[in-house]
Amino acid sequence: MVMYCDICGAKIENGEDVNECPECLCPFENVDESSPIKEFKSKIPDGNVVKSISTDESFMNAMVELYQNKPVEYQLKIQQMKTQLYQQKQAEKNNNIINQPHCPTCNSDNLRKISTTSKVMNTAMWGLLGTRRNKTYHCNNCGYEW
């Protein structure tokens, strides 16, 4: 039976008899049926993409059937899944960036928070001319405070 390596995507002609991928040499894990993680080989190309969406056995069987009966539609589904996974990764990456403050001048994230003690000292020293009492952050790259 033809199988595909989920790691590198290599086509394996005698997939049921092989214990490791002939291309990337990754060992195929024999995992019990109750585990959500299956072997590193599947009956379809890009099985790793399908498994990253869902490890449900019926979903995998439906994708195998789709690959065998309607290969063009299968390729479209795989492309949609890849796009969805890419967008999820980008959204996670953007959430990490958005939640972190940046300097409005140089866009650096090398910042320190201006302490209350520093604000009080600045106001005591300069009075109403002190500039730090309304500031929160100091950029360690360009020195800008806001």
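## Cysteines, aromatic rings and helix faces in a predicted chain

The sulfur of Cys-142 lies 3.7 Å from the closest cysteine sulfur, which belongs to Cys-103, and this is too far for a bond. The model discussed here is a predicted one, and the distances and areas below are computed from its atoms. A disulfide is a covalent bond between the sulfur atoms of two cysteines. Under the cut-off applied here, two cysteine sulfur atoms must be within 2.5 Å to count as a disulfide, and the structure accordingly holds zero disulfides. Cys-103 is thus in no disulfide, the nearest cysteine sulfur being that of Cys-142 at 3.7 Å. The two residues can also be described by their exposure: Cys-103 counts as buried at 2% relative accessibility, whereas Cys-142 counts as partly exposed at 39%.

As for the overall architecture, the chain contains four helices and five strands, and along the sequence these elements follow the pattern β-β-β-α-α-α-β-α-β. Of the 146 residues in the chain, 27% are buried. The accessible surface of the chain comes to about 10200 Å², and carbon and sulfur atoms account for 51% of that surface. Among the contacts between residues at least 6 apart in sequence, 39% join residues that are at least 24 apart.

Which residues form the aromatic cluster? Tyr-137, Tyr-144 and Trp-146 form one such cluster, and the count of aromatic pairs comes to three. A pair of aromatic rings is described by the distance of the centres and the angle of the planes. Two of the pairs are set out in the table.

| Pair | Centre to centre | Angle between planes | Arrangement |
|---|---|---|---|
| Tyr-137 and Trp-146 | 5.7 Å | 35 degrees | tilted |
| Tyr-144 and Trp-146 | 5.9 Å | 15 degrees | stacked |

The pair of Tyr-144 and Trp-146 is stacked because its planes stand at 15 degrees, planes under 30 degrees apart being counted in that way. With regard to solvent, Tyr-137 counts as partly exposed at 24% relative accessibility, Trp-146 is likewise partly exposed with a relative accessible area of 24%, and Tyr-144 is partly exposed with a relative accessible area of 38%.

Helix α2, which covers residues 57-69, has 13 residues and reaches 18 Å from its first C-alpha to its last, close to the 18 Å expected at 1.5 Å a residue. Within α2, the residues Met-60, Met-63, Val-64 and Leu-66 are buried. Seen down the axis of α2, the buried residues fall within an arc of 160 degrees, so they line one face of the helix. An α-helix has 3.6 residues a turn, so residues three or four places apart point the same way. The face of α2 that is turned away from the buried side carries the exposed residues Gln-68 and Asn-69.

Two of the buried residues of α2 recur in the surroundings of Lys-77, a residue of helix α3. Leaving aside residues up to four places away in sequence, Lys-77 touches Met-63 and Leu-66. Lys-77 and Met-63 are 14 residues apart along the chain, and their C-alpha atoms are separated by 9.0 Å. Lys-77 itself is partly exposed, with a relative accessible area of 36%, whereas both Met-63 and Leu-66 are buried.

Two asparagines may be described in turn. Is Asn-122 buried or exposed? Asn-122 has its place in helix α4, residues 116-126, and it is buried, with a relative accessible area of 15%. When residues up to four places away in sequence are not counted, Asn-122 touches Gly-127, Gly-130, Thr-131 and Arg-132. Asn-107, by contrast, lies in the loop between α3 (71-98) and β4 (111-113), and at 55% relative accessibility it counts as exposed. Most residues other than glycine have a negative phi, and most peptide bonds are trans. Asn-107 has a positive phi of about 65 degrees although it is not a glycine.

Methods: Residues numbered from 1 in each chain as written. Predicted model: local features only at pLDDT ≥ 70, side-chain atom pairs only at ≥ 80, totals over all residues. Heavy atoms only, no water. Expected span 1.5 Å × (residues − 1). Buried < 20%, exposed > 50% of the residue type's maximum accessible area, 1.4 Å probe, protein only. Arc of directions from axis to C-beta. Contact = heavy atoms within 4.5 Å. Phe/Tyr/Trp six-rings, centres within 6.5 Å; stacked < 30°, edge-to-face > 60°. Areas by Shrake-Rupley, 256 points an atom, 1.4 Å probe, with all protein chains shown as cover.
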